[in-house]
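These are my notebook entries on a structure that I went through step by step, beginning with enclosed space and ending with single residues.

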Amino acid sequence: MIDHVIKTIEKFNMLSDGDSVAVALSGGADSVCLLLSLVEISRKLNISVSALHVNHCLRGIESDNDEIFCHKLCQKLGIPIISQKFDVSGYAQKNKLSIEQAARNIRYDFFKEHTENIKLATAHNANDNAETVIFNLARGTGIKGISGIPPVRDNIIRPLIEITRDEIESFLSVKGQDFVTDKTNLTDDYTRNKIRHHVIPTLLSVNSSLFKTMTNTSENFRTDNDFLEEFSQTTFEQCMTSEGLCGLEKFHTAVRHRCISKFLELNNIEISHRRISDIDDICLGGGKINICKDTYIISENNKLYIKHTVTHNLPCDVSYPLKSGITEFKGKNVIISFKSINERKADTIVIDADCIKNNAVIRNRRPGDKIKINGNSFTSSVKKLFNSRFEKDERDSICFIADDEGPLFIENIGIAGRAAITECTKNIMEISIHCV
């Protein structure tokens with residue numbers, strides 16, 4: 001296995017002579033294998049190795065024991081280690097994130113703080129890559145998602161990316177090296193665990209070489225994606241002028257979509273598949289799209305550009321940050337509470353809290369609002385919904401909960417399909433509205 005690790009490092013140019021590399025060490029089999037492998041080859045590659053450990057404080061004494069294990073292992077190997085405890089649950093609640101996402105954010109912020117000018121090695125392996133590809137496919141993805149976990153990203157390297165979990169455990173068995181087991185990985189509480197425990201075994205029964213096949217497939221997609229990115233960047237630079245994007249309609253759909261994405265990013269406009277598709281439609285046929293309030297993207301004379309119109313907020317425009325507790329809104333009390341799906345109450349309006357994007361607010365209607373009501377196969381104009389359901393004098397007092405992608409909930413109409421509860425939902429937001 002060591003030879004395979006060295007080949008992977010050389011194949012993706014992960015390390016150079018004299019490099020320092022910090023291993024993200026959890027104490028699990030994968031990260032312990034990574035640490036031992038890099039220590040074993042450190043002299044041959046002339047690299048220095050250290051370790052970083054994050055105690056997420058999610059499993060009480062078990063989390064503390066993992067931290068102790070990592071310190072003892074590094075002491076035995078003569079490797080320096082830095083560890084730190086974090087309140088992941090509190091961070092998740094405060095920032096309205098799932099536990100998984102909160103833990104990831106904390107880990108990588110910690111790693112970034114301690115890996116300035118050095119490499120960070122993470123223990124992602126071939127199994128992890130396969131699970132990531134399946135997870136991305138299930139959620140919806142493009143070529144980048146099918147490309148899986150990149151072997152190298154910025155200063156992050158993944159020397160085990162072509163090694164299977166069976167090879168890792170066999171390596172540790174031969175070495176007589178123990179490791180810790182996170183019991184949460186043995187349950188189906190997290191989406192990735194369901195893929196690991198149920199989907200992967202089924203696919204292995206179809207193709208016993210699944211991990212090798214998916215590793216090769218991911219590499220092929222990465223190669224294609226790199227080419228498209230490079231070509232699209234060149235196209236974008238050629239088409240981008242002081243007046244906007246010119247001549248984009250001449251190029252293939254895949255290139256246009258990527259250039260539109262770059263155009264939105266350049267102008268600090270949130271990117272989504274639907275928005276790119278809508279802009280591509282007017283790019284070919286002309287027209288305009290209202291992005292938000294006074295901002296429009298216009299396509300005319302083979303030119304795509306942004307136009308800001310001068311508007312003034314009307315007295316009826318109301319917006320408050322979304323938060324737990326009671327918010328007074330147009331003569332009503334809007335009561336919001338965040339909790340686990342297991343704490344759900346009957347007869348309450350509920351949405352999946354982990355689907356909420358940035359800058360969520362409680363507000364009234366806005367021009368251009370659209371919503372795909374849960375259960376519908378089509379997107380509706382809020383203006384048309386209001387015209388058919390509400391009198392003119394009550395339309396501005398209807399409560400919306402919205403994020404950067406648009407309405408999540410509209411009072412007396414329903415919730416957006418993207419925020420609906422599913423079997424994968426872990427955290428929810430309950431909504432109740434009462435007249436003052």
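Before sorting any lining by class, I fix the terms: Ala, Val, Leu, Ile, Met, Phe, Trp, Tyr, Cys and Pro count as nonpolar, Asp, Glu, Lys and Arg as charged, and the others, Gly among them, as polar. I also note at the outset that this is a predicted model.

Entry on the cavity. I searched the whole structure for enclosed space and found 1 cavity of 30 Å³ or more, and its volume comes to about 50 Å³. I then listed the lining of this largest cavity, which consists of F12, N129, I149, P151, I161, E162, T215, S218 and R222. By class, I read this lining as 4 nonpolar, 3 polar and 2 charged residues. Which helix gives the largest share of the lining? I found that helix α10, residues 210-239, does so with 3 residues.

Entry on the helix pair. Since α10 had come up at the cavity, I looked next at how this helix packs against helix α11, residues 253-266, and obtained an angle of about 65 degrees, with the two axes 9 Å apart. The crossing in which α10 passes α11 is right-handed. On the α10 side I listed N225, L228, E229, F231, S232, Q233, T235 and F236, and these meet A254, V255, R258, C259, K262, F263 and L266 on the α11 side. Sorted by class, the contact of α10 with α11 holds 8 nonpolar, 4 polar and 3 charged residues.

Entry on the chain as a whole. I counted 13 helices and 22 strands in the chain, and along its principal axes the C-alpha trace spans about 75 × 55 × 45 Å. The chain has 436 residues, of which 44% count as buried. I then took the contacts between residues at least 6 apart in sequence, and of these 68% join residues at least 24 apart.

Entry on S42. I located S42 in helix α2, which covers residues 29-45. Is S42 buried or exposed? I put it down as buried, because its relative accessibility is 14% and the cut-off for buried is under 20%. Leaving out residues up to four places away in sequence, S42 touches I47 and V49. I also took its separation from N193, which is 151 residues in sequence and 33 Å in space, C-alpha to C-alpha.

Entry on T295. I found T295 in strand β10, which covers residues 295-300, and its relative accessible area of 8% is why I list T295 as buried. Apart from neighbours within four places in sequence, T295 is in contact with I289, N290, I306, K307 and H308.

Entry on backbone angles. I looked up two residues that have a positive phi although neither is a glycine, namely N13 at about 50 degrees and K96 at about 55 degrees. N13 has its place in the loop between α1 (2-11) and β1 (20-24), while K96 is found in the loop between α4 (88-95) and α5 (99-114). How do I class the accessibility of N13? With a relative accessible area of 59%, N13 is exposed, whereas K96, at 28% relative accessibility, counts as partly exposed, because that class lies between the cut-offs of 20% and 50%.

Definitions and conventions
Residues are numbered from 1 along each chain as its sequence is written. This is a predicted model: local features need pLDDT of at least 70, side-chain atom pairs count only at pLDDT 80 or more; totals for chains, interfaces and linings use all residues. Side-chain values use heavy atoms; hydrogens and water are left out. On a 1 Å grid over the protein atoms alone, a cavity is a set of points where a 1.4 Å probe fits but cannot get out, and a pocket is an open set with protein on both sides within 12 Å along at least five of seven lines; lining residues have an atom within 4 Å of a point. Grid points are joined across faces, edges and corners, and a volume is the space filled by probe spheres set on the points. Helices (H or I, at least four residues) and strands (E, at least two) are DSSP runs, numbered from the N terminus. Axes are lines fitted to C-alpha atoms, for helices over the stretch in contact, and angles run from 0 to 180 degrees between N-to-C directions. A crossing is left-handed if the near helix is turned anticlockwise from the far one by less than a right angle, and right-handed if clockwise. Contact means heavy atoms within 4.5 Å. Buried means under 20% relative accessible area, exposed over 50%, partly exposed in between (1.4 Å probe, protein chains only).
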